[in-house]
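Please open the model in your viewer and keep the sequence panel at hand. The tour below proceeds selection by selection.

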Amino acid sequence: MRYFLMILIVSVLCASPTKLQAEENFNSGNYWLDTCTKDDVRDELHCLGFIMGLRKMSQALLSSDLYFKHDSEFVPVQPICSPLGVTNGQMRDIFIAYLKDRPQLRHEPAHVHWIIAMQEFFPCK
């Protein structure tokens with residue numbers, strides 16, 4: 001089973017991009033700002049799924065010494081200390097506001113800007 005999973009992951013990562021992927025960068029802030037602000041239930045669920053995944057990822061990264069690349073330099077992943085009760089919807093709203101306020105950065109990877117936005121709004125004290 002482990003061998004099959006490894007082959008599946010490598011196959012997905014090595015697959016050539018489709019025409020749609022070439023036209024839309026699913027990793028960019030532009031894509032996620034557009035998706036997260038559409039008035040469509042499917043897009044809203046897609047956006048919230050993205051936010052939930054990033055939130056879980058950030059929790060998993062707390063126990064590691066990882067870095068991400070931002071503005072041509074490597075920045076350590078800092079913890080995000082959101083108060084109890086903060087919803088994925090609130091995090092979506094913060095992320096949308098962050099992207100709207102920084103149009104010059106929206107072509108960059110969205111996950112990097114999500115981390116920066118959450119660290120800005122929910123710093124650890």
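**Charged pairs and a disulfide**

Begin by selecting Asp40, which is partly exposed, with a relative accessible area of 26%. Please bear in mind throughout that this is a predicted model.

Next, add Arg42 to the selection and display both side chains. Arg42 and Asp40 meet in a salt bridge, with 3.5 Å from N to O. Is Arg42 buried or exposed? Arg42 has a relative accessibility of 65% and therefore counts as exposed. The pair is one example of a salt bridge in a structure that holds five.

Now move to Glu44 and show its side chain together with that of Arg92. The two residues form a salt bridge in which the closest N and O atoms lie 3.9 Å apart. Colouring the helices is useful at this point: Glu44 belongs to helix α4 (residues 41-61) and Arg92 to helix α5 (residues 88-101). With their positions 48 residues apart, the pair links distant parts of the chain. Glu44 counts as partly exposed, at 40% relative accessibility. For Arg92 the relative accessible area is 17%; the cut-off for buried is under 20%, so Arg92 is buried.

Keep Arg92 selected and add Asp93. What do the side chains of Arg92 and Asp93 form? They meet in a salt bridge, at 3.3 Å from N to O. Asp93 is partly exposed, and its relative accessible area is 42%. With Glu44, Arg92 and Asp93 displayed together, one network can be viewed, joined by salt bridges that share partners.

Finally, select Cys36 and Cys47 and show their sulfur atoms. These cysteines form a disulfide, with the sulfur atoms 2.0 Å apart. The structure holds one disulfide. Which parts does the pair tie together? Cys36 lies in helix α3 (residues 29-37) and Cys47 in helix α4, so the disulfide ties together parts that are 11 residues apart in sequence. To examine its geometry, view the torsion about the S-S bond of Cys36 and Cys47: the angle is about 100°, and the disulfide is therefore right-handed. Both Cys36 and Cys47 are buried.

As a last view, display helix α4 with the side chains of Glu44 and Cys47. Glu44 in this helix pairs with Arg92 in helix α5, while Cys47 in helix α4 is joined to Cys36 in helix α3.

Terms used
Residues numbered from 1 in each chain as written. Predicted model: local features only at pLDDT ≥ 70, side-chain atom pairs only at ≥ 80, totals over all residues. Heavy atoms only, no water. Salt bridge = Lys/Arg side-chain N within 4 Å of Asp/Glu carboxyl O. Buried < 20%, exposed > 50% of the residue type's maximum accessible area, 1.4 Å probe, protein only. Helix = DSSP H or I, 4+ residues; strand = E, 2+ residues; numbered from the N terminus. Disulfide = S-S within 2.5 Å.
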